[in-house]
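Work through the exercises below with the sequence and the coordinates open, and attempt each task before reading its solution.

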Amino acid sequence: MTTVSPSIQVVVAYDFSATSELALHRALEVACRAPQHVLHVVSAIDARDGLPVLETKHVDHEYAEQIQKLVTDHVLRLLVGLAHGGRAEFFVHARIGRPADEILMLCREIGADLVFVGSHGLTGLERLLLGSVSERVVREAQCPVMVVREGTYLPVPRLEVSVYEHARTIYNPPHRMPDGEPNLNTWPSNWPTS
């Protein structure tokens, strides 16, 4: 008898900004790793101004459908462009309302297991005046939240890993599958586990 594992619901907030683009890429990487991941891309549309990618004077359901189509086409292009021929089950949600409210409402509706949000890195007065969607999602989400932003660390030299011989056991390099993907490498069965 085969058992089916439950799907893992992954939410990513996407508003066509640079940081939400990074969040979308990370979420796609996660969703493509295993078939049980289901990706939900949510675009929260400001009721007064819409989104900068598609200017409008009137935000309504037709406008939300246009945004939904733009996001769907974008996600499909990204999946085709992934090196390993990305495949993922995904849904696009275009919702009219305040971003944090809409993200959190979707999380509740689908029982989210993981959320990705971009961070614009606002601090001080900017953050006080504009608020922080990512901060609110982190505080109120009832699942893990990954806040994604551009890495700005300077490159750090890293030590080379060298093969060494040990008196009690020989070095076993990590196993690789034929397509180059790493496989689980476990310790020998004769090692004590407790």
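**Exercise 1. Locate F16 and describe its backbone and its exposure.**

Solution. F16 lies in the loop between β1 and α1, where helices (H or I, at least four residues) and strands (E, at least two) are DSSP runs numbered from the N terminus. Its backbone deserves attention, since F16 has a positive phi of about 75° although it is not a glycine. As for exposure, F16 counts as partly exposed because its relative accessibility is 24%; buried means under 20% relative accessible area and exposed over 50%, with partly exposed in between (1.4 Å probe, protein chains only). Residues are numbered from 1 along each chain as its sequence is written. The model is predicted, so local features need pLDDT of at least 70 and side-chain atom pairs count only at pLDDT 80 or more, while totals for chains, interfaces and linings use all residues, and side-chain values use heavy atoms, with hydrogens and water left out.

**Exercise 2. State the order of the elements in the protein chain, and say which element has the lowest mean pLDDT and which the highest.**

Solution. Begin with the count, which is five helices and five strands; from the N terminus on, they follow the order β-α-β-α-β-α-β-α-α-β. Next take pLDDT, the predictor's confidence in each residue, from 0 to 100: its mean over the protein chain is 81, and 75% of the residues reach 70 or more. Among the elements, helix α4 (residues 124-130) has the lowest mean pLDDT, 48, and β1 the highest, 96. Over residues 180-185 the pLDDT is below 50, and this stretch has nine contacts in the model beyond near neighbours in sequence, a contact meaning heavy atoms within 4.5 Å.

**Exercise 3. With which strands does β1 pair, and in which sense?**

Solution. Two strands pair if DSSP finds at least two bridges between them. Strand β1 (residues 8-13), in which five of six residues are buried, pairs in the parallel sense with strand β2 (residues 37-45) over six bridges, and A13 stands opposite V42 in β2. Between these two strands the chain passes through helix α1 (residues 18-33), and this β-α-β crossover is right-handed, that is, with the strands pointing away from the viewer, the path from the first strand over the helix to the second runs clockwise. Strand β4 (residues 114-118) also runs parallel to β1, joined by three bridges, and the bridge partner of V12 in β4 is F116.

**Exercise 4. Which residues have the most contacts inside the largest nonpolar core, and what does V41 touch?**

Solution. A nonpolar core is a set of buried Ala, Val, Leu, Ile, Met, Phe, Trp, Tyr and Cys residues joined through side-chain atoms within 4.5 Å. The largest one has 26 residues, and those with the most contacts inside it are V12, L24, L39, V41, V75 and F116. Two or more residues come from each of β1, α1, β2, α2 (61-81) and β3 (89-96). Not counting residues up to four places away in sequence, V41 touches V12, Y14, L24, V71, V75, F91, V92 and H93. A second, separate core of 13 residues includes A13, V42, L104 and C107.

**Exercise 5. Is H40 buried or exposed, and which residues does it touch?**

Solution. H40 is found in strand β2 and is buried, with a relative accessible area of 5%. Leaving aside residues up to four places away in sequence, H40 touches Q9, V10, V11, V12, F91, H93, L106 and I110.
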